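Subject: Structure handover

Hello,

Here is the structure I said I would pass on. Please open it beside this message and follow along.

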Amino acid sequence: MAAPVRLQTHVWNPAGDRRALLLHGLCSDGACWWRLASELADDGWLVLAPDLRGHGRSPPGAVHDLPTLAGDVAALGDGWDLLVGHSVGGTIAAQLLTQPEAADVALLIDPVLQLTAERAEQLRVALRAEAGGTDPVAVAADNPTWDERDVWRKVLATRQVTPDVVDAVLAGLEGVDLTLLARRWQGRVHLLAADPTRGGLLDASLAASLCDGERITWELVTGAGHSLHRERPDVVREAARGLTAPGGNDP
């Protein structure tokens, strides 16, 4: 693991009572959480959403493997009341959840828990095409249900990612199997799986095999693609509220 970098972090409601940490995916940045972060902040939460290494306003490094990405995030602290991660952010969260004081509850949104060489190459081609900047017209056309604000924040985020970062992150994840860590996850964990016919990365049978109905639960969001926080923010919001409500065991 390489030495950590200082992550640039977006903050909502600095005086909030409860603390939430939101982790974005590859070719995105912390601003992608604007909707969920604002809703949590309005409910009295302090919300942090860092730009991961090599993304947004955070510096790149010579190394971008999973232990290093997780080390950067761990430097922000622990004891979170809520930890949310999307895609690679969910992968990082899955790594952090093996630590006893990581978070009370966690919501992993279509996380990358297993990555074959074939799937890694498919993602590498698609995400390298995004690196350096995408066309807002094309993004909107490909994602007709997205809010215009999500379209533009995605476009701006891709302009700050370079192809070498995409290559390095995916190379570090290729062959990783984080399902082996699930038994060591601390606190309650809810998995949201996107529709596999719409590009979902979390296999439904895999999610079901991890679920025990109590400590780990899961839900398949049919008809929705990988970016659930953009396409189905209502599902993400209700899952987060279900986890964090008093006695919340049913996202």
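How many bridges join strand E2 (residues 18-23) to E3? There are 4 bridges, and the two strands run parallel. Before going on, please keep in mind that this is a predicted model.

The sheet

In this model, 7 strands form an open sheet with mixed pairing. Their order across the sheet is E1-E3-E2-E4-E5-E6-E7. E1 and strand E7 (216-221) stand at the edges with a single partner strand each, so one side of each has no neighbour in the sheet. On average, neighbouring strands of this sheet are turned by 15 degrees against each other, direction ignored.

Strand E3 is a good place to start looking. On one side, E3 pairs with strand E1 (residues 9-12) in the antiparallel sense, over 4 bridges. Within that pairing, Thr9 has Pro50 as its bridge partner in E3. E3 is also joined to E2, in parallel, and there Ala20 has Val47 as its bridge partner in E3.

Why is strand E3 (residues 45-50) described as largely enclosed by the rest of the structure? The reason is that 6 of its 6 residues are buried. In a regular strand, side chains alternate between the two faces of the sheet. In E3, Trp45, Val47 and Ala49 point one way, while Leu46, Leu48 and Pro50 point the other way. Both sets are buried.

Further along the sheet, strand E5 (residues 103-109) and strand E6 (residues 188-194) pair in the parallel sense, over 5 bridges. Leu108 has Leu191 as its bridge partner in E6.

Helices against the sheet

Where does helix H1 (residues 34-42) come in? Together with E2 and E3, H1 makes a right-handed β-α-β unit. H1 lies across E1, E2, E3 and strand E4 (80-86), and runs at about 160 degrees to E3. Helix H3 (residues 88-96) lies across E2, E4 and E5, and its angle to E4 is about 140 degrees.

Salt bridges

The count of salt bridges comes to 14. Three of the pairs are described here.

One pair is Asp72 and Arg53, whose closest N and O atoms are 2.7 Å apart. Asp72 lies in helix H2 (residues 66-74) and Arg53 in the loop between E3 and H2, so this pair ties together parts that are 19 residues apart in sequence. Are these two residues buried or exposed? Asp72 is buried, with a relative accessible area of 2%. Arg53 also counts as buried, at 2% relative accessibility.

Another pair is Glu121 and Arg124, with 2.9 Å from N to O. Both residues lie in helix H4 (residues 117-130), 3 residues apart, which is about one turn of the helix. Glu121 counts as partly exposed at 37% relative accessibility, and Arg124 counts as partly exposed at 27%.

The side chains of Arg237 and Glu238 also meet in a salt bridge, at 3.6 Å from N to O. Glu238 is partly exposed, with a relative accessible area of 43%. Salt bridges with shared partners join Glu39, Asp43, Arg237, Glu238 and Arg241 into one network.

Two histidines in loops

His24 sits in the loop between E2 and H1. His24 is buried, with a relative accessible area of 0%. A polar atom of the His24 side chain lies 2.9 Å from the backbone nitrogen of Leu52. Leaving aside neighbours within four places in sequence, the contacts of His24 include Asp29, Trp33, Pro50, Asp51, Leu52, His55 and His86. Pro50 was mentioned earlier as the bridge partner of Thr9.

His226 is in the loop between E7 and helix H9 (228-231). Which residues does His226 touch, not counting residues up to four places away in sequence? They are His86, Ser87, Asp110, Ala194, Arg198, Gly199 and Leu201. His226 is buried, with a relative accessible area of 19%; the cut-off for buried is under 20%. His86 is thus a point to look at from two sides, as His86 is among the contacts of His24 and is also touched by His226.

Regards

Terms used: Residues numbered from 1 in each chain as written. Predicted model: local features only at pLDDT ≥ 70, side-chain atom pairs only at ≥ 80, totals over all residues. Heavy atoms only, no water. Buried < 20%, exposed > 50% of the residue type's maximum accessible area, 1.4 Å probe, protein only. Pairing = 2+ DSSP bridges. Right-handed = clockwise from strand over helix to strand, strands pointing away. Salt bridge = Lys/Arg side-chain N within 4 Å of Asp/Glu carboxyl O. Axes fitted to C-alpha atoms, helices over the stretch in contact; angles between N-to-C directions. Contact = heavy atoms within 4.5 Å. Polar contact = N/O pair within 3.5 Å; in protein donor to acceptor, adjacent residues only side chain to side chain.
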